[in-house]
Amino acid sequence: MARAVMLQGTGSDVGKTVLVAGLCRAAHRRGLKVRPFKPQNMSNNAAVADIPGEAAGGEIGRGQWLQALACGAPPSVHMNPVLLKPQTDIGSQVVVQGKVLGEARARDYQVLKGQLMEAVMDSWAKVGEGADLVIVEGAGSPAEINLRARDIANMGFATRAGVPVVMVGDIDRGGVIASLAGTHLILPEEDRRMVAGYLINKFRGDVSLFNDGIEAIGQFTGWRCFGVVPWLKAAARLPSEDSVVLERLAAGERRALKVAVPMLSRIANFDDLDPLRAEPQVEVVFVPPGQHLPQDAGLVVIPGSKSTIGDLLQFRGNGWDRDLEAHRRRGGHVIGICGGYQMLGRKVRDPDGIEGGVREADGLGLLDVETVMEPEKTVRNVGARSVAFDLPLSGYEIHLGRTSGPDCGCPVAMIDGVEDGATSADGKVFGTYLHGLFEADAFRARLLESLGVKGGGLDYRAQVERALDDIAAELETCLDCDAIFALTR
């Protein structure tokens, strides 16, 4: 097995994904063959990764896709063997080694987890083949000791695989001394022995002011401090994985084009909007439930959804359908991606109840198409070409359902010679199953030009690569990376 070290957090959203990505890039820059691994992830932001020996792709969390990019390695389903995609407040779709296993309510999944450990360990062995180093990311917190008996994401994995742990505390949310000391206090002795030390993340200001805090944590835990990480500004240039980040996105300064994005309850792959957010003349506003779509928006983008019919009903419940009609009367443009594309049609049918108990719903009626949900899921990376601008596109598809109707006669893209998407008669509304289309720099510039805005000449993928390099360089200065990598065994 490859040498490995694991980052676990005192809670969710402490910044583990970015830290692992940064450490992966730091190790990669040192010439090491490094790979990421996350035993279990919960996210509706998924990416398409290779399934060794198969032509089709499988699903992993976008965080592991980003970490693979940091390693300079192709993403593999084995980097995230268990992916949970929430569909309701109490249940999720369970994806194992890239493929849908089924659906499970939260209580049922706790029983199922015990059976998934073998898949986790199988993927663990495969990820480590030929690697110099594997950097593992935990999920949630090992302090959730009520879930420890069947844990596969944190200490259950670390003890089984014999991987040393660095604990991550988030000082930005407050109470970091208590969170680290409390984690140490309640961990069983077997788990506590796995922890080699800790680091502090998201510090703002003069680090020396926390010297007494480091001393106090040492007195309570005996753990070594590997460093204090400042607020990483470059992280804002990376794709986000967890929808919790949407709650913190505030409207920025007023710019030439405002893009409104309704925050659907089961929003998926909202990082599709990141390339637009990076454009200097574009302001992307995520609109939470209970607020109206802004009247001064020139473009409304309806993003992907893990539950199209459920989010369609919520869309109407928020009054966003009326806002969208008013937007269209003002001459505004609308783009729907994946589930958002399905919502733009006349009808969405789910005869087999794949998404839940509601079998049919009226769509928003902005495209003359209908969607029928079907059991077989399309999961693949694709190369494509824009029909309107005759420019290359690239991206991926992850969707259920087949969409057809008159407006499909004016497709958005050609994917492997097959038409995809639909466009309204006036050309101001279109929908597509292609995630990632805004990443195509030339296409994005032409699209913005058609909306009366000059694109910034941005190379989006190069910006992500530079952000990873900047974060790696920052971590090399504020963390004892040599000591962290030396922990591996």
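**Figure 1. The β7–β8 hairpin in the predicted model.** In this predicted model, strands β7 and β8 form a hairpin with 2 residues between them. One residue of the turn, Gln97, has a positive phi of about 45 degrees, although Gln97 is not a glycine. Gln97 lies in the loop between β7 and β8 and counts as partly exposed, at 21% relative accessibility. The two strands of the hairpin, β7 and β8 (residues 99–105), pair in the antiparallel sense over 6 bridges. Within this pairing, Ser92 stands opposite Ala104 in β8.

**Figure 2. Strand β7 and its surroundings.** Strand β7 comprises residues 91–96, and 6 of its 6 residues are buried, so the strand is largely enclosed by the rest of the structure. In a regular strand, side chains alternate between the two faces of the sheet. In β7, Gly91, Gln93 and Val95 point one way, while Ser92, Val94 and Val96 point the other way. Residues of both sets are buried. Besides its pairing with β8, β7 pairs with strand β6 (residues 82–86) in the antiparallel sense, over 5 bridges. The bridge partner of Leu83 in β7 is Val95.

**Figure 3. Helix α1 and the glycine that follows.** Helix α1 covers residues 16–29, and at 1.5 Å a residue its 14 residues should span 20 Å; the C-alpha atoms at its ends are 20 Å apart, which agrees. Of the 14 residues of α1, 11 are buried, so the helix is largely enclosed by the rest of the structure. Among the buried residues are Leu19, Val20, Leu23 and Cys24, and they also include Lys16 and Arg25. After α1 comes Gly31, with a positive phi near 90 degrees.

**Figure 4. The open parallel sheet.** An open sheet is formed by 6 strands in the order β2-β9-β1-β10-β11-β12, with parallel pairing. Strands β2 (34–37) and β12 (224–230) stand at the edges and have a single partner strand each, so one side of each is left without a neighbour in the sheet. On average, neighbouring strands of this sheet are turned by 20 degrees against each other, direction ignored. Inside the listed order, β10 (residues 165–170) and β11 (residues 195–203) pair in the parallel sense over 6 bridges.

**Figure 5. Asp170 and Lys202 on strands β10 and β11.** The bridge partner of Asp170 in β11 is Asn201. Asp170 counts as buried, at 4% relative accessibility. Asp170 also forms a salt bridge with Arg173, in which the closest N and O atoms are 3.2 Å apart. Strand β11 also holds Lys202, a residue with a positive phi of about 65 degrees although it is not a glycine. Lys202 is buried, with a relative accessible area of 15%.

**Figure 6. Packing of helices α5 and α7.** The axes of helix α5 (residues 176–186) and helix α7 (residues 211–221) come within 9 Å and cross at roughly 15 degrees. This angle makes α5 roughly parallel to α7. The crossing of the two helices, α5 and α7, is right-handed.

**Figure 7. The salt bridge between Glu59 and Lys377.** The model contains 35 salt bridges. In one of them, the side chains of Glu59 and Lys377 meet at 2.7 Å, N to O. The pair links distant parts of the chain, 318 residues apart: Glu59 belongs to strand β5 (residues 57–61), and Lys377 to the loop between β21 (370–372) and β22 (378–386). Glu59 is buried, with a relative accessible area of 1%.

**Figure 8. The Lys258–Asp296 salt bridge and a salt-bridge network.** The side chains of Lys258 and Asp296 meet in a salt bridge at 3.2 Å, N to O. Distant parts of the chain are linked by this pair, with Lys258 in strand β13 (residues 257–262) and Asp296 in the loop between β15 (282–287) and β16 (299–302), 38 residues apart. Lys258 is buried, with a relative accessible area of 15%, whereas Asp296 counts as partly exposed, at 37% relative accessibility. In addition, salt bridges that share partners join Arg346, Lys347, Arg349, Glu360, Asp362, Asp368 and Glu370 into one network.

Key:
Residues numbered from 1 in each chain as written. Predicted model: local features only at pLDDT ≥ 70, side-chain atom pairs only at ≥ 80, totals over all residues. Heavy atoms only, no water. Buried < 20%, exposed > 50% of the residue type's maximum accessible area, 1.4 Å probe, protein only. Helix = DSSP H or I, 4+ residues; strand = E, 2+ residues; numbered from the N terminus. Pairing = 2+ DSSP bridges. Expected span 1.5 Å × (residues − 1). Salt bridge = Lys/Arg side-chain N within 4 Å of Asp/Glu carboxyl O. Axes fitted to C-alpha atoms, helices over the stretch in contact; angles between N-to-C directions. Parallel < 35°, antiparallel > 145°, perpendicular 65-115°, else oblique. Left-handed = near helix turned anticlockwise from the far one by under 90°.
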